[in-house]
Each structure stands twice: as structure tokens, then as C-alpha cells.
Amino acid sequence: MPRPRSLTQDQVAAAALAVIDRDGLAGLSMRAVAKELKLSTMALYRYVRDREELEGLVVDLVYTEVDPSPPSGGPWDAKIETMALRLRDAFGAHAAIMPLTLTHRHDSRGSLCWGETVAGILADAGITGPRAAVALRAVIAYIIGAIQLEHLGPLEGEGTVAIAALPADEFPNMAETARHARHIGPDEEFRGGLAAVLRGLGGSGAG
């Protein structure tokens with residue numbers, strides 16, 4: 001008779017998320033999560049098959065913090081902004097797992113529910129068919145990229161300071177842009193970039 005399990009899947013997922021938050025995505029392994037849980041590596045296999053299943057559990061865990069219900073009232077672009085901000089609020093604290101939201105987009109219920117709502121908002125705005133597929137992909141790509149950029153190289157960071165100090169005769173446009181970028185906070189950057197994406201989608205035929 002196999003021994004009864006003493007841990008829930010959420011506890012295993014939380015341990016895996018703690019490993020990723022501390023050591024990055026490359027640090028995720030069955031051994032590392034087992035150590036986090038004070039288990040032997042072999043004991044962890046009683047709960048999950050492999051690293052891929054661990055990844056899926058982590059994505060699902062963070063998605064439990066994302067409200068997938070359609071926002072009420074307002075224009076379509078404001079609704080999509082609300083959905084994007086919900087995703088950013090949940091995943092922004094765990095930016096290292098953002099690549100997993102792509103590799104597990106087809107098997108994470110949270111991801112599918114969020115995508116269903118956004119696709120519905122686009123459809124209500126008149127963005128359907130192939131345009132809807134491209135639009136949904138564009139919104140997701142922006143959110144994932146923006147969260148990673150904010151984590152790895154925020155506009156207020158040292159990289160922007162270095163670019164602002166470049167010789168104006170050689171890199172006039174980059175230096176000038178960076179001088180302005182230094183004063184843009186992460187919220188303004190995220191909302192402004194998303195607004196630019198949504199303006200483009202609106203220009204493609206949204207009502």
C-alpha cells in the first residue's frame with residue numbers, strides 16, 4: 001500500500017514558486033523543490049511526475065490571484081486594460097515565471113479563462129477572425145514583455161542612465177529618449193505602452 005500524501009498540490013506549487021523567486025527559472029528542479037519541502041527527491045515524485053508538471057502547477061497557482069471575470073461597463077480598451085493590470089498585479093511579483101505562461105497557455109485553466117474573457121472583449125469590439133487571433137497575441141506579448149522588462153531593466157534603472165550619458169553627436173536620439181525615460185515610472189510605462197498597443201488595435205477596426 002502506498003503511503004498517504006501529506007502535502008497538497010498547492011503546497012508543492014508554492015515551494016516551486018519560492019525556488020523560482022529565489023533562484024530564477026533555471027534553478028527549478030525536482031531536487032530543489034524537494035529540498036524546499038524537506039523531502040527526498042524520490043518522495044516528491046509521489047506528488048508530481050516531472051519538472052513540466054511542476055511548471056504547470058506554478059502557473060496555475062499564480063493565476064488563482066487573477067480575476068478572470070469580464071469588467072463591467074466602459075469602452076472595450078478600458079476593459080482590456082483592466083484585464084492586463086490584473087495579470088500584471090499577480091505575475092509582476094513573480095516575473096521570472098513569465099515564460100511559463102506561454103509554454104503552459106494551452107493547459108492552464110487560469111490562462112484559458114483569462115484569454116476567453118479578453119477574446120470576448122475583442123469580439124464585442126468588432127475584432128474577430130484572424131484579426132482577433134493577432135490582436136490577442138499582441139496583447140499577451142505586450143504584457144509578458146513589459147513585465148519582464150520592468151523586472152530586468154526598468155526605465156528608471158542604471159541602463160537608462162548610461163544611455164542618457166551617451167555622446168549626443170553619435171547617439172542623439174537614443175540619448176534624448178533616455179533623458180525623458182529616466183522620469184517615467186513603471187506604472188506610467190506599462191499603461192502608456194498598453195495604450196499604444198490598444199490604439200493600434202482600435203485603428204484596425206474596433207468600434
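From the N terminus onward, the elements of the protein chain follow the order α-α-α-α-α-α-α-α-α-α-α, and the chain accordingly comprises eleven helices and zero strands. The model is a predicted one. Taken along the principal axes, the C-alpha atoms of the protein chain fill a box of roughly 70 × 45 × 25 Å, and 37% of its 207 residues count as buried.

Two annotated spans, both taken from an unreviewed UniProt entry, fall in the N-terminal part of the numbering. UniProt lists residues 6-66 under "domain: HTH tetR-type" (unreviewed entry); in the model, this span is 64% helix and 0% strand, and its end C-alpha atoms lie 27 Å apart. The feature "DNA-binding region" (unreviewed entry) is placed by UniProt at residues 29-48, a span for which the model gives 55% helix and 0% strand, with the end C-alpha atoms separated by 12 Å.

Salt bridges were examined next. In general, side chains of opposite charge can pair when their charged atoms come close. With a side-chain nitrogen of Lys or Arg required to lie within 4 Å of a carboxyl oxygen of Asp or Glu, the count comes to nine salt bridges. One of these joins the side chains of Arg22 and Glu36, with an N to O distance of 3.0 Å. This pair links distant parts of the chain, since Arg22 belongs to helix α1 (residues 9-23) and Glu36 to helix α2 (residues 30-36), the two residues being 14 residues apart. Arg22 and Glu36 are, moreover, linked with Asp23 in a network of salt bridges. Glu36 itself counts as partly exposed, because its relative accessibility of 30% falls between the limits of 20% for buried and 50% for exposed residues. Elsewhere in the fold, Ala125 is separated from Glu36 by 89 residues in sequence and by 47 Å in space, C-alpha to C-alpha.

A second salt bridge spans a longer stretch of sequence and is formed by the side chains of Arg88 and Asp187, which meet at 2.9 Å, N to O. Arg88 lies in helix α5 (residues 76-91) and Asp187 in helix α11 (residues 186-203), so that the pair ties together parts that are 99 residues apart in sequence. The partners fall into separate classes of accessibility: Arg88 counts as buried at 11% relative accessibility, whereas Asp187, with a relative accessible area of 44%, is partly exposed.

A contrast of accessibility is likewise found in the salt bridge between Arg49 and Glu53, for which the closest N and O atoms are 3.4 Å apart. Here the positively charged partner, Arg49, is exposed, with a relative accessible area of 61%, while Glu53 is buried, with a relative accessible area of 17%. The assignment of Glu53 as buried follows because the value of 17% is under the 20% limit for that class.

On the surface, a patch of negative charge is made up of Asp50, Glu52, Asp60 and Asp107. Among these residues, Asp60 is found in helix α4 (residues 51-63) and is partly exposed, with a relative accessible area of 31%. This value matters for the assignment because membership of a patch requires over 30% relative accessible area together with the absence of a salt bridge, a condition on area that Asp60 meets at 31%. With respect to the remainder of the chain, Asp60 and Gly126 are 66 residues apart in sequence, and their C-alpha atoms are 30 Å apart in space.

With regard to backbone geometry, Lys38 shows a phi near 60°, which is a positive value in a residue other than glycine. Lys38 is located in the loop between α2 and α3 (41-44), and at 75% relative accessibility this residue counts as exposed, because the value is over the 50% limit that applies to exposed residues.

Conventions: Residues are numbered from 1 along each chain as its sequence is written. This is a predicted model: local features need pLDDT of at least 70, side-chain atom pairs count only at pLDDT 80 or more; totals for chains, interfaces and linings use all residues. Side-chain values use heavy atoms; hydrogens and water are left out. Patches are made of residues with over 30% relative accessible area and no salt bridge: like charges are joined within 9 Å, nonpolar side chains (Val, Leu, Ile, Met, Phe, Trp, Tyr) within 5 Å. Accessible areas come from the Shrake-Rupley method with a 1.4 Å probe; for residues, only the protein chains shown count as cover. Lys and Arg count as positive and Asp and Glu as negative; His and the chain ends are not counted. The place of a charge is taken as NZ of Lys, CZ of Arg, CG of Asp or CD of Glu. Helices (H or I, at least four residues) and strands (E, at least two) are DSSP runs, numbered from the N terminus. Buried means under 20% relative accessible area, exposed over 50%, partly exposed in between (1.4 Å probe, protein chains only). UniProt positions are given in the numbering used here, feature names are shortened, and annotations may be inferred rather than shown by experiment.
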